[in-house]
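Student: Could you walk me through this model before I go back to the bench? I'd like the conventions up front.

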Amino acid sequence: MPTTNPDSQRLMLRVENLSHRVSLETNTLTILKGVSLEINRGESVAIVGRSGSGKTTLLGLLAGLDTPTEGTVELDGSIISRLSEDERAKLRAHRVGFVFQSFQLLPALTALENVMLPLELAGMDAPEKRARELLERVGLGERLTHTPRQLSGGEQQRVAIARAFASDPAILFADEPTGNLDNRTGQEVSDLLMDLNKEQGTTLVMVTHDEHLAARCARQFHIEAGELTEPVAEAELAD
Amino acid sequence: MAAAKKLMSMRRDWRERDVRVVLAALIIAVATVATIALFAGQLQHTLVSSASSFLAADRQLEAENGQPVPEEWITEARERRLQTGRMVEFSTMVFGSDAFQLVSVKAVSNEYPLRGELEIQGDSEGSREQVQHGPAPGEVWINPRLLRLLDIRTGDTLEVGNRNLTVSGLLLREPDGGFSLSALAPRVMMHVDDVASTGVIQEGSRVEYVYLFAGTEAALEGYYQWLQPQLGPSHEWEGVRDGETFSRSLDRAESFLLLGGSLAVLLAAVAVAVASRQYALSQRDTVALLKTLGLGSSGIGLLYLKRLALWGVTGMVGGLLVAVPLFWLLTRLLSEALDRPVEFQLEASALTPALLTALVSLFAFAYPPIRRLKHVPAMRVLRSQPGETGREALPDMLIAIVAVFGLVWLYAGELSLVVSLLGALVLLLGALGLLGWLLVAALRKVRGGGHAWRLALVGLYRHRRASLSQIAVFAMTLMLATTLILVRTSLLDDWQAQLPDDAPNHFLINIAPDAVGDVADFWEERGQPLDQLYPMVRGRLTQLNGQPVKEVVSKDQRVGALNRELNLTWMASLPEDNNIVKGSWFEGDDKQGVSVESELASKLGLALGDELTFTIGSDKITETVTSIRTVQWDSMKPNFYMAFPPNGGLTDMPATWITSFYLPRDQKSALNEFSRRFPTVSLLEIDNIIERIQEIVRQVTQAIEAILVLILAAALVVMAAVVSATLQDRQREGALLRTLGGRQSLLVRSTMLEFALLGGFAGVLGVAAAEAAVWALQFRMFEGQFSWHWQVVLPIPVMSALVLALFGRWQLRPVLSVSPMLLLRRLE
């Protein structure tokens, strides 16, 4: 059951003592250890760290794609581990948007249809109109009927960004959004992402290697071997 | 939901290779099962009505007491909307120009025959024609031999009793002539209205009144229910005759068709299982994304369930669209074979098994992997997750196997079929386990290198899991297809053996004991030696263990053999084509005992040691059953329900002798000479009937081959399913190998070798399992003898290796024609 927290007016995301372990055949691997953090509404946050440090796992847990071994994640007033899978799906449909490193567009659908899909799944009105507007906003008004195969990497990611903002999410999770793009295209895509984020007043949580991109976020969490190491974050939390 | 709908649309599905395989498999399964069920039903129906034409009706009522039946019996039949007809049969002397002859007269009404046709000839040089009526009043049609015997011509008059009747045609074949041995003298056919004026029938004359009935099965059965209580002891109600014609051959053809259908079901199920598992694997990324975008697992479940239902409907509709024209074609073939119209009738009930097949293969095989899709973690969008180990699929597989064998059982109604096939399958899986162990043990030591052979062996070892499951599926496919080919081969050989071109086509009946030697010499001199001659005594089986047999055996069982006189014989040695199934044949000087035909024995519930009493004229003989034997009814040789020892009680009874022999068409003139020399011997010409049977066998064989093509198509679909399952991985490997500097020729050779090895292993296993299945089937279903089929079996592993090597080469095509770079990117 969703639990209402008095802080939910201000807080978008609250994580307490989060740990995640994976059982292998011979031993257990600890991927995250005692992570706690809070993110306010409208804030933009970068999670940075080396490969294998656990940042993608953390992102998955924050977005409710997976459930933690220990600890709680409270997303937009709901404690994720207490929701059923279908309730989590519903939460994602209405409140959460995603941008992925590998774009994750459905190859059989056109750009327009890819953007319409989450609107339809959330049961929103006039999905096509909204999808057109967004694609025009990301500069692909002329490419509506193209399938992902007919689009360059940068264009695909712009479709993905349009899709992410389509259902008007309260929070957007981005996993290495520029990781598969060259510098210049990466720059264009990150500009678009930041601009839209500002326009829509969305909370942004981003995993990235890209220092420039991380620097454009209001705060940065550093993660190393599954633990948060950035003291700045702690200091800000105390505020 | 335009986008979501499009995502799940049929058009999009059609672009997916795995979906095409599932659909093709479903369509083939439905088409095969529907065609076979429809055709088997039609065959049954046609068989009965074609046997009916041997009665010239659907049913006959015979009155052997020399009295016509009450007129209201016939009125009742007409009121029940049955067609009726009437015949009077008697023997009399007829006179030609200056000779006379004993003939068997059949006087028929206008309606005769209700079923079947007569074949007549205007004169001995005229063309043959088929007609559906008897001679007009004032006319007769006669057996051609009578022309010689009486020295008359068509157009002359024939004196029958007080009447002169004009010979207006020659009677070549009558639909109810059949194999009945009662036609002892040459036939004369006349109109029934002329009978009274001949004055031949007097009080006490030996005459038989026969009434013909035709109509729907329900009306006939209703009429019989009404009639039965009124029938006297001399009345006989006859349906299709026992042990007659080629029904046995066609029964086997039907068994074969059902076997083929069952195998098609199994093959299609395998194809559906492989392809849908592959499809489910390919859908995991989409499912993870849909989940991430907010679709719940129940929504995902529903989405794929709808899609499955859509496939099901497509499979059924597509299958029926294939089946109906195919069935139409088969009915045409059958119609040509029987030389009579065969109704093209779509029985809804025949379609049920086909639709059931689609549903079962879909829900027992395709649904489980697709159902598991909803458990795909959403996290997969961020990071690839461990795939299925195959362990979770085990319970599904067990359920599926039970489901599909249940279906085969339901469909073919033969438990032995299910047991044989399951047994062979278990054997196959056992052998596969052993092979897997050997593969791991032997190939582990092979080191890779620049040699194609090594690369192929290492490839087999590295993909050992995939290799073994591919060998399993190929072997199973080959087993099923080989089983069918083997059964077909032995079935056809069997038929060929049963009706060789020189099968006896003439019977000689009523040979007096002292003429036996002369008759044999006559044919010996003309180079057509007679088959064995058998004595024949007519008698009825009246008591079983001292009880009247009509009381012991309920009338419902309607054992035809009880209703008429049986031909009893004695013989010293068992005829070649008879087999003792219980007890033992007479010893040299046995005087006691009787050997009974096995089907009659089982109908009467006879066991060794039972006492049978026969009434022969005014005498009675009681004998103990000492053996039960099978008889080859369609051998065209004299066959007997009851055989006595050569020195037994039967030897004292008045007997005549019977034999059969082969006479080529161009020597038929010898028959006239024979008739003149042995006027009392009756001659039965069955060459026309044999030709018809041979034609039917040929056509049914063609139908079977058409079905076989469908089954082999199913096998190919399975192959395609399995190959496509590993297509991407292999293409990626190939592209990498080329990128890393592997020569094209090396890649081609090693891949072809690897596939050839797969095919070879699968071929050997499949063929061995097929031999086991056929061995089991042969005994239970087809009553044949088992022998190894080296000539059929040996080429199969070789061919399977060759075909798979070519398959392997074919799937390498894109790897060789496109730059590795492009291919790798495309496969990403």
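Tutor: Helices (H or I, at least four residues) and strands (E, at least two) are DSSP runs, numbered from the N terminus. This is a predicted model, in which local features need pLDDT of at least 70 and side-chain atom pairs count only at pLDDT 80 or more, while totals for chains, interfaces and linings use all residues. Residues are numbered from 1 along each chain as its sequence is written, chains are lettered from A and ligands numbered from 1 in the order in which they are written, and side-chain values use heavy atoms, with hydrogens and water left out.

Student: Okay, A:Glu113 then. Which helix is it found in?

Tutor: A:Glu113 belongs to helix H3 of chain A, which covers residues 111-121.

Student: And is it buried or exposed?

Tutor: Its relative accessibility is 15%, so A:Glu113 counts as buried, where buried means under 20% relative accessible area, exposed means over 50%, and partly exposed lies in between (1.4 Å probe, protein chains only). The C-alpha atom of A:Glu113 is 8.1 Å from that of A:Glu128, although 15 residues separate the two along the chain.

Student: Switching to sheets. What's the strand order in the four-stranded one in chain A?

Tutor: That open sheet runs E2-E1-E4-E5 with antiparallel pairing, and strands count as paired if DSSP finds at least two bridges between them. Its edge strands, each pairing on one side only, are E2 (28-40) and E5 (78-79). Nine bridges connect strand E1 of chain A (residues 11-23) with E2(A) in the antiparallel sense, and A:Val15 has A:Leu37 in E2(A) as its bridge partner.

Student: What about the six-stranded one?

Tutor: The open sheet of six strands in chain A has the order E6-E7-E8-E3-E9-E10, with mixed pairing. Its edges are strand E6 (96-99) and strand E10 (227-228). E6(A) and strand E7 of chain A (residues 171-175) run parallel and are joined by four bridges, with A:Val96 standing opposite A:Ile171.

Student: How many salt bridges are there over all chains?

Tutor: The count is 21 over all chains, a salt bridge being a side-chain nitrogen of Lys or Arg within 4 Å of a carboxyl oxygen of Asp or Glu. One of them joins A:Glu70 and A:Arg21, at 2.8 Å from N to O. A:Glu70 lies in strand E4 (residues 70-75) of chain A and A:Arg21 in strand E1 of chain A, so this pair ties together parts that are 49 residues apart in sequence. A:Glu70 is partly exposed at 37% relative accessible area, and A:Arg21 is partly exposed at 33%.

Student: Which glutamate does A:Arg219 meet?

Tutor: A:Arg219 meets A:Glu43, at 2.4 Å from N to O. The two are 176 residues apart, with A:Arg219 in strand E9 (residues 219-224) of chain A and A:Glu43 in the loop between E2 and strand E3 (44-48) of chain A. Both A:Arg219 and A:Glu43 are buried. Elsewhere, salt bridges that share partners join A:Arg14, A:Glu16, A:Glu38 and A:Glu74 into one network.

Student: Now chain B. Why is strand E12 called largely enclosed?

Tutor: Strand E12 of chain B (residues 506-511) has five of its six residues buried, so the rest of the structure largely encloses it. E12(B) pairs with E21(B) in the antiparallel sense over four bridges, and B:Leu508 is partnered there by B:Thr659. Four bridges also join E12(B) to strand E22 of chain B (residues 682-685), again antiparallel, with B:Phe507 partnered by B:Leu684.

Student: How many aromatic pairs does the structure hold?

Tutor: The structure holds 21 over all chains, where rings of Phe, Tyr and Trp (its six-membered ring) pair if their centres lie within 6.5 Å, and planes under 30 degrees apart count as stacked, over 60 as edge-to-face and the rest as tilted. The ring centres of B:Trp570 and B:Trp657 are 6.1 Å apart with planes at 80°, so that pair is edge-to-face. B:Trp570 is in strand E15 (residues 566-570) of chain B and B:Trp657 in strand E21 (residues 656-661) of chain B, so the pair links parts that are 87 residues apart in sequence. B:Trp570 is buried, at 13% relative accessible area.
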